[in-house]
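Curious about what a structure like this holds inside? Let's walk through a few questions together.

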Amino acid sequence: MTHQENVEILLVEDNSRDAELTLRALRKRNLANQVVWVQDGQAALEFVFGPPDGSAHDLRRPRLILLDLKLPKLDGIEVLQRLKSDPRTATIPVVMLTSSREEQDVLRSYRHGANSYIVKPVDFDNFSEAVARLGMYWLLLNEAVEPKRISAGDAPESE
Amino acid sequence: MLPSDPFEAIHRGISGRVALALGLAVAAIGLTALLGWVFRLPWGPGVDHVQVPMAPVTAALFVCLGLLTALGTGSEAGPGRVRGVVGAAAATIGTALILLFLRLQGVYWKAEHLGLDISGDAGGVPLGYISPVTALCFVLAGISLPAALPMNPPRRRLTLPATGAAGLLLGTNFVLLLAYLYGTPLLYGGSLIPPALSTVTGFVLLGGALLAAAVRAQGPRGGTGRDASFGSQALFLAFALSVAGIVTVGFLSFWSYQARFREEVERQLDAVADLKVIELAQWRQERISDGRVFFNHPDFARLVQQRLEPSSDSGLRNRLAEWLGQVQKAYDYERVYLVDADGRELAGVPAEGAGNPEFYLSPGVAEARDVTILDFHRDHPEDPVHLSVAVPILDPTDQTRRLGTLIFRTDPARHLFPLIRRWPTRSTTAEALIVRREGDEVVILSELRLQADAPLNLRLPISDQAVVSARASLEHQGIVEAVDYRGVPVVAALRAVPDSPWFLVAQMDTEEVYRPIRERLWLTVALGATLLLGSGLGLGMAWRQQRINFYRRHYEAAEALRRSEEQFRAMFDLAPVGIAQADPQTGRWCRVNRRMSQITGYTEDELLQLGFSDVTHPDDRARDWDAFQGIIRGDAPDYRLEKRYLRKDGSLAWVNVNVTVLRDPAGKPYRTMAAVEDVTVRKQSEAAIHQLNQTLEQRVRERTQQLEAANRELEAFSYSVSHDLRSPLRAIDGFARILSEDHEGSLDGEGRRLLDVICAEARRMGRLIDDLLAFSRVGRSAFRSAEVDMESLARTAFEDCSRPFPDRNLEFAVGPLPPAWGDPAMLRQVLANLIQNAIKYTQPREFARIEVGGRLEDGDTVYWVRDNGIGFDMKYAGKLFGVFQRLHGEDEFEGTGVGLALVKRVIDRHSGRVWAEAAPGEGACFWFAVPAGREV
């Protein structure tokens, strides 16, 4: 997995259909080259922080994380919490990509430092459009924080 | 504090009226007297010159004091009136003292007549001047004036002497009035001016008025509650006083009358005696004068001398006899005769009836050188009593030689005895007599009225001093009271007749003297008895009336008590609550009612052996006993307690007791009274209700838990709906698109249409899910109340809703909307849904008009959204607000049928109403009303 060193998007999605639709939308804009798809929160954290046994592992910082809320094992909020509470990963943009329109889900997400909250439209056109724009925005338009500028003492953006 | 006597007010009322009436009567008496003076009316300036009239000053003072007393009996006196009355009293006392001083100094100023023309006197005292007694009485009246003042609090220091003075005034003048009634008015006959009858009467009335006013002002003395005995005592005292007064004055009056009468009689006797003595002396003088004619008469002496000559002839004898005859005739002597010195009769006319020489030869006569009177004597034992004048005939040449004695003998029965016996006034027993002392005897000389032949025959021993004659003969002078010769008691005036051995006795039978006195006595007794009877009757009737009143009140009180007792008993027996009386010391019951034994299960007799603590549940006893002791101590007038009784059968009875304590007038508790209400049933009900409440709460808790669980499930359901239900739809839509995109070439037209249908239905399903979730959120989400600016809400909602239709010609009008009170997000949803509806159903219209309005109405804020769309038939109005209810085909107007249901649900959560008016083709108007908030 050499290409993993340059991962730009980490897609966390348990539903393979949705994942496929998402990847297809990204691919259409040529954004799918450095996409890694994991199916649960546990896997997402392991991808970023390494295996839980503590073996030597470099921290991986994708340029964007697309995170579903409802996930097996660890759910999206927990993953978000872990990421945003660690200063090393707190600056990684995390976009919630979910089917829930529930107000409390939106609130909880933002409280835990989500950078954006996107409801997956049922309409495929809308859906692919949304995903494409999202990728464009966060990878191309948005100015990311350089990894070297991260220091361990920096406070997380959210409480 | 003792209860005030209910009869005191009546007492005061009567006293007040009596005081008023008497006061006015006093004023009337004074006014009458004044008018009498002014107009010279008969009762004024003393037509009756025996009794004095009332002085003008007295009359004026009576008018003032009478009115003052009458008016002073009003209601409670303020300090002003107290000062006024005390001032008036001081003025009265001052005036009276000045007048008293003037009178005692003997000063009579005309000013006292008050300008009236008054002169003359009655009984030696000047008219129109106040009597010192009257002045003194006015001093008393002035002192007693404050007694009439109703004062609160009563000033004993002022009223007590005042009342005493009033009593003294009344008593004194009562005595004076009685004296007038007895006909012997006191204080007459001296230099002191006596008080007039009208004055005395006025003072009696004034005293009565003041006493009545005092009773009215101070209430019956001796406190209340003993009015009957007080009244009896007062009446008895009044009776005793009036008896004493009547008897004393009667006695005094009689005594004074008797004294005066005796004095009168004595004066009369004295006068008669003096008269008689003078007459007798005169008579004797006349006799002596008769004799003097011949005494030292030279011719007669010569004649006698010649007669004594032996040569005397018959001529001479005849001449002498002629002389003597003329003398006898001229002086009306019984016999005139001449005897010689040896006692031989020389001549005498008439011829017969020679005297006894023993008398004229007695040394006193024979040797007398002047005319002497031969006192009463009988010449011979059978002769009548004679009294003679002996005239010594002396020798003209030798005066020492006595020729003889000429004797004029007189028959006292002819002149002297009538003279003595004559009595100048009419009297049946009065008589005068003369006596003479002879040794140890007293001899009656004159003829007696009642005993014939008394002269010189009736002799009485001089030692018997009880006999007036004997006393007279011992030269007693003046009035004596003793028996006379008959042994009959007489009053006599004794005199010695000058130049004679005679003593005059002018006497009158005591019987006759005392007859008028006795009559007077009987009259006095009769008058006194009548007065006593009258006062006794009057007071007796008053007493009777008082007893009647007393017993009637007694009876009424007893009857009232009986009824009260009867009512109490009835209430006691019939009361639906237990009533028990207990001893405050021991708590032992002394009286219980039937209900009480029903509550406790004991018989009444058994209960009376117990105290309330005995049947009280042990756990409640201390609490009960503390509260009981509390009211005994007086901490509170009563207490109320809920406690348990242990019934006789051992079961529990819940009771509600109200206990109060009854105290005697001294404040000592003598009984406690408890009302006991059996609340066992209520207690059981309460327990049952409590139990039910407990169960209910439990059930509510369970139900709440169930609801919460259901809610949680619903949330989980909604969550999964929003999450999981949409994913397959997206997949269907997404993969159908991918199919049509990636395999376009292998699909024909029909295939592509079918794929489109799949995509459309998937999308519709997505919308349905969204609407349904929104609908369920309305029910679940928290409700926040705030004032909502409906107008701006409506505008933004319209902007949001019209944005997808930029091509449509939409006119939107929003009037001024009152702010609403509710959840802003929900109300926004309502407006949005309604506006969306309006936009939707005006689609066929070329020109769509949507109007939002609102107003305040009966405490509600009412809003409406009106459109000119296609409208609907009102018969389906009931279906409008149901979930998934639609009035138009989905092909005609797309929609999920949730919008209006959501509107209704939101308005329901606001406790409001929602309704619609419409007609097919004529547009629709949707109304909703929510209660105006507290700040709207």
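The questions below look at the cavities and one sheet of this predicted model.

Q: How many cavities of 30 Å³ or more does a search of the whole structure find?
A: The largest cavity holds about 110 Å³ of space, and the second largest holds about 80 Å³. Across the whole structure, the number of cavities of 30 Å³ or more is three.

Q: How many residues of the lining of the largest cavity are nonpolar?
A: Lining residues closest to the centre of this cavity are B:Trp589, B:Phe612, B:Tyr645, B:Val659 and B:Ala674. In total, 15 residues line the largest cavity. One of these is polar and two are charged, while the nonpolar ones number 12.

Q: How many charged residues are in the lining of the second largest cavity?
A: Here 17 residues form the lining, with B:Pro53, B:Ala55, B:Tyr129, B:Ile193 and B:Pro194 closest to the centre. They divide into 12 nonpolar and five polar, and the charged count is no residues.

Q: Which are the edge strands of the open sheet of five strands in chain B?
A: The order in this sheet is β15-β14-β18-β17-β16, with antiparallel pairing. An edge strand here pairs on one side only, and the two in chain B are β15 (589–592) and β16.

Q: Which strands of chain B does α18 touch as it packs on the sheet?
A: Helix α18 (618–633) of chain B supplies at least two residues to the lining of the largest cavity, as do β16, β17 and β18 of chain B. The direction of α18(B) makes about 155 degrees with that of β16(B). On the sheet, α18(B) touches β16, β17 and β18 of chain B.

Definitions and conventions:
Residues numbered from 1 in each chain as written. Chains lettered and ligands numbered in written order. Predicted model: local features only at pLDDT ≥ 70, side-chain atom pairs only at ≥ 80, totals over all residues. Heavy atoms only, no water. 1 Å grid on protein atoms, 1.4 Å probe; cavity = no way out; pocket = protein on both sides within 12 Å on 5 of 7 lines; lining within 4 Å. Points joined across faces, edges and corners; volume = space filled by probe spheres on them. Helix = DSSP H or I, 4+ residues; strand = E, 2+ residues; numbered from the N terminus. Nonpolar A, V, L, I, M, F, W, Y, C, P; charged D, E, K, R; others polar. Pairing = 2+ DSSP bridges. Contact = heavy atoms within 4.5 Å. Axes fitted to C-alpha atoms, helices over the stretch in contact; angles between N-to-C directions.
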